[in-house]
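Q: Please take a close look at the aromatic pairs in this structure, and set them against the chain around them.

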Amino acid sequence: MVVDVRYWRLYLLTLVLGIGGSFQLGMQVSIMASPAEHIQSFVNQTWLRRYEVPVSDSTNMLIWSFIVSVFSLGGWVGAIHSGSLPVTYGRKKVLLFNNIVALVAAVLMVFSPMAKSFEMILLGRFLYGYNAGLGWNVQLMYLGESSPKMLRGFLTITINIFSSLGKVTGQIVGIKELMGTEDMWPWLMALSGLPAILQFVTLLFFPEAPRYLYIDKGDTEGCRKALHWLWQEDDLQMEMDEMGKERASMQGQNVKTIWDVLTSRCVRWQLLVLVIPCASVQFCGFNAIYFYAFDIFREAGVAEDKMHYLSIGIGTTDLITIILCSLLIDHAGRKMLMGYGYLLMGVIMSILIVMLSIKDLYSWVPYANIALIFSVVCIYGLGPSGIASILLADIFLQAWRPSAYVISGSINWLNLWICLTLVFFCFLIFVAYCLFSAVFVLYFIPETKGKGMVEIMEDFNKLNYKNRGTDTEKADFVMATKF
């Protein structure tokens, strides 16, 4: 892919959105492993100081599990608010507010030892989760609504690049040689405050998302100025005309809610895409491999002293392959990368199941298992990881997008909790999901590469209104949203 230097301000906006957005999610996912023993020790000391008896092991583990899992609860609440807040206040203002949430969480983490309160850590983790759940969806909206269609795939996939970069950063800064010590763990937990400050200061200099200004607010001149500033182009008529078609279709229509997305025939197949290959991507097995890397490496026969380096290797491999995917996405297309990605993941994990069962029979099997695990990571980064986010930006028009993101975020965070707490090593579930998703994407989903929003909706209408006229339920075909 050739980088067009005219869009350097748009690339800079992408950097600003990423460093204070999905980067935060990635960091919070990976950063918790290092300070685990120090936080549990702090909980025990706090309990002893309050009640003059040490906390029982079961209670300590219960509190620790709450500290870890409350992040998912916060993410779910943030995802719910990503529907109404960006529509009412705009994408930019919501992200500025979201940075304040992260700063409050960072302050709670720093002062929790001084206040002798592990409850502050719980609240801080909840706020970090809220920041991640809200920030992910709004960042995706902002990118999709600021990008030309020829760059939409490349720029939207950066949300996954920054997430992977955050994971690798969290792993590296959390080692004992840096910040993973008993004295430094509060500052390690508060590290997310720095990207929040950076985004808050720099985002002030960027315009609101152009499509939001025109389609939702009717600010034609503001939209034109924002496009000109971001794209450095004078001839914007084609883009303005496309947005005008969307806005014209909103006249006299009702507000589209979550219930509308769930029940309207005109977005039935888009909803299926949202639920099956996109929002349920947690069931492809990658996050189980990532979170339980040590256990899986141990099961695969890897030596204990090599596990930490292999775990960092997983994060680095994920980052490299997602960057490669961003360079291929607008050439290869969404459908091929996601469909064949799921298919290959299903096949490789089927082989991995067999190899794990015979790991003690031959000396070379553990090395083969490591190669298979890294193969799954590579394919995930090249396909399903990034495409799941891009498709959501492609297939829903302005009216449906915020509510669709609420549904997607809710499913995603719930599935993450299920994946990490219930399925664990059940690779058969992952295999079944990958193969089913591959068939669904390859045989049913139209390609969205290089198409405008209206063109994509017309393709989906051929599925939504199969054997019926596309004028049916035309009243539901709304392209702008007001709350």
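A: In this predicted model, buried residues account for 59% of the 483 residues in the protein chain. The secondary structure of that chain consists of 24 helices and zero strands. Of the contacts between residues at least 6 apart in sequence, 83% join residues at least 24 apart. The chain exposes about 19700 Å², and carbon and sulfur atoms supply 67% of that area.

Against this background, a search of the whole structure finds nine aromatic pairs. One of them is formed by F206 and W229, whose rings meet edge-to-face, with 5.6 Å from centre to centre and 90° between the planes. The angle between F206 and W229 is 90°, and planes over 60 degrees apart count as edge-to-face, which is why the pair is given that name. The pair links distant parts of the chain, since F206 sits in the loop between α10 (193–203) and α11 (210–216), whereas W229 belongs to helix α12 (residues 220–231), 23 residues apart. The two partners can also be described by their accessibility: F206 counts as buried because its relative accessibility is 6%, while W229, with a relative accessible area of 30%, is partly exposed.

A further pair brings together W269 and F440, and here the ring centres are 6.0 Å apart and the planes stand at 15°, so the pair is stacked. The cut-off behind that word is an angle under 30 degrees. This pair, too, links distant parts of the chain, with W269 in helix α15 (residues 268–279) and F440 in helix α23 (residues 427–444), 171 residues apart. Both W269 and F440 are buried. Ring pairs also extend to F444, so that W269, F440 and F444 are linked into a cluster.

The cysteines can be considered next. The structure holds zero disulfides, and C434 is accordingly in none, the nearest cysteine sulfur being that of C284, 5.3 Å away. A disulfide would need the two sulfur atoms within 2.5 Å, and therefore a separation of 5.3 Å does not qualify. C434 counts as buried because its relative accessibility is 0%, and C266 is likewise buried, with a relative accessible area of 1%.

Two other residues, one polar and one charged, complete the description of the surroundings. Q24 is found in helix α2 (residues 22–30), and its relative accessibility of 2% is why Q24 counts as buried. Leaving out residues up to four places away in sequence, Q24 touches I19, A102, N131, S192, P195 and A196. K116, for its part, lies in the loop between α5 (91–115) and α6 (119–144), and at 36% relative accessibility K116 counts as partly exposed. Apart from neighbours within four places in sequence, K116 is in contact with F42, T46, R49 and R50. The C-alpha atoms of K116 and V43 are 8.8 Å apart in space, although K116 and V43 are 73 residues apart in sequence.

To return to the aromatic pairs, the F206 and W229 rings are edge-to-face, whereas the W269 and F440 rings are stacked.

Methods:
Residues are numbered from 1 along each chain as its sequence is written. This is a predicted model: local features need pLDDT of at least 70, side-chain atom pairs count only at pLDDT 80 or more; totals for chains, interfaces and linings use all residues. Side-chain values use heavy atoms; hydrogens and water are left out. Rings of Phe, Tyr and Trp (its six-membered ring) pair if their centres lie within 6.5 Å; planes under 30 degrees apart count as stacked, over 60 as edge-to-face and the rest as tilted. Helices (H or I, at least four residues) and strands (E, at least two) are DSSP runs, numbered from the N terminus. Buried means under 20% relative accessible area, exposed over 50%, partly exposed in between (1.4 Å probe, protein chains only). Contact means heavy atoms within 4.5 Å. Accessible areas come from the Shrake-Rupley method with a 1.4 Å probe; for residues, only the protein chains shown count as cover.
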